Amino acid sequence: MSLEKGTQPAGKETPEQRLADMGLTLPPVPSAVGAYEPWVRVGNIIYTSGQLPWIDGDLKYIGKMGAELSLQDGYEAFRMSALNGIAQLKSAVGELNRIKRIVRVEGTAHTTGDFTEQPAALNGASDLINAVFGPNGRHTRMIYSDPAMCLNCATLVVLWAEVAD
């Protein structure tokens, strides 16, 4: 079966339909909180800026994993940050089925020095992306820890996505 780049085979759900099946809607695209672009396209790759766990203009998760926040809180914060990243991708391409592949997910976790479960927390982002994009969501990733995060946020997610022309 031959498909045009970025299209779904007959009977296959789009990423937007998968989001709806999960009971999720994309949030309004968060604005930049500084002098930068929320996303940039270079060739056929879109790079998002760091996405925080915003809901309706408020940070839902603030503080450190290992102190005020649990591993489960971190998982949910990374999931929310990734949902904001997906909203940025949609703003860049119009329809999410134009995303050919999620290439990379980078996460930064706000943690105490003795918290060591960052990879499990970042699964909140990876699990959501894999569910939304199916096989096209399988990605490489990197997790960082930071003892002091901007706005005291719990998580930050950066997405790299290949776009079908």
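# Reading strands, helices and salt bridges

Mentor: In strand β7, the residue that serves as bridge partner of Arg104 is Trp160. Please keep in mind throughout that we are looking at a predicted model.

Trainee: What is the bridge partner of Arg104 in β6?

Mentor: The general idea comes first: strands of a sheet pair through backbone hydrogen bonds, and the pairing is either parallel or antiparallel. In this structure, Arg104 has Thr140 as its bridge partner in β6, while Trp160 takes that role in β7. Moving on to Val105, its bridge partner in β6 is Arg141.

Trainee: In which sense do β5 and β6 pair, and over how many bridges?

Mentor: Strand β5, which spans residues 99–110, pairs with β6 in the parallel sense, and seven bridges make up that pairing. With β7, on the other hand, β5 runs antiparallel, and nine bridges join the two strands.

Trainee: In what order do the five strands form the sheet?

Mentor: The order is β1-β2-β7-β5-β6, in an open sheet of mixed pairing. The edges are occupied by β1 and by β6 (140–146), and because each of these has a single partner strand, one side of each is left without a neighbour in the sheet. From one strand to the next, the twist averages 15°.

Trainee: Which helix lies across β1, β2, β5, β6 and β7?

Mentor: That is helix α2, residues 71–93, which lies across these five strands, β2 being 45–48 and β7 being 155–163, and which runs at about 35° to β7. A further helix, α3 (residues 118–133), packs on the sheet as well, where it touches β5, β6 and β7, and its direction makes about 145° with that of β6.

Trainee: How many of the 12 residues of β5 are buried?

Mentor: For a regular strand, the general expectation is that side chains alternate between the two faces of the sheet. As for cover, nine of the 12 residues of β5 are buried, and the strand is thus described as mostly covered.

Trainee: How should I read the charged pairs, and how many salt bridges does the structure hold?

Mentor: A pair is counted when a side-chain nitrogen of Lys or Arg comes within 4 Å of a carboxyl oxygen of Asp or Glu, and the structure holds five salt bridges. One of them joins Asp165 to Arg41, with the closest N and O atoms 2.7 Å apart. This pair links distant parts of the chain, given that Asp165 belongs to the segment after β7 and Arg41 to strand β1, 124 residues apart. Asp165 is exposed at a relative accessible area of 72%, whereas Arg41, at 34%, is partly exposed.

Trainee: Where do Lys100 and Glu162 lie?

Mentor: Their side chains meet in a salt bridge with an N to O distance of 3.8 Å. Lys100 lies in strand β5 and Glu162 in strand β7, so the pair ties together parts that are 62 residues apart in sequence. The relative accessible area of Lys100 is 32%, which makes this residue partly exposed.

Trainee: Are Glu106 and Arg104 buried or exposed?

Mentor: Both residues are buried, and they form a salt bridge in which the closest N and O atoms are 2.8 Å apart. Elsewhere, Glu16, Lys90 and Glu95 are joined into one network by salt bridges that share partners.

Trainee: Which residues form a nonpolar patch on the surface?

Mentor: The patch is formed by Val33, Tyr36 and Leu151, which together have about 290 Å² of accessible area. A residue needs over 30% relative accessible area to enter such a patch; Val33 has 51%, and is exposed, and Leu151 has 52%, and is exposed too. In sequence, Val33 sits in the loop between α1 (15–21) and β1 (39–42), while Leu151 sits in the loop between β6 and β7.

Trainee: What is the phi of Leu151?

Mentor: Although Leu151 is not a glycine, its phi is positive, at about 55°. Asn152, which is also placed in the loop between β6 and β7, has a phi near 60°, again a positive value in a residue other than glycine. With a relative accessibility of 38%, Asn152 counts as partly exposed.

Technical notes
Residues numbered from 1 in each chain as written. Predicted model: local features only at pLDDT ≥ 70, side-chain atom pairs only at ≥ 80, totals over all residues. Heavy atoms only, no water. Patch = residues over 30% accessible without salt bridge, like charges linked within 9 Å, V, L, I, M, F, W, Y side chains within 5 Å. Areas by Shrake-Rupley, 256 points an atom, 1.4 Å probe, with all protein chains shown as cover. Helix = DSSP H or I, 4+ residues; strand = E, 2+ residues; numbered from the N terminus. Buried < 20%, exposed > 50% of the residue type's maximum accessible area, 1.4 Å probe, protein only. Pairing = 2+ DSSP bridges. Axes fitted to C-alpha atoms, helices over the stretch in contact; angles between N-to-C directions. Contact = heavy atoms within 4.5 Å.
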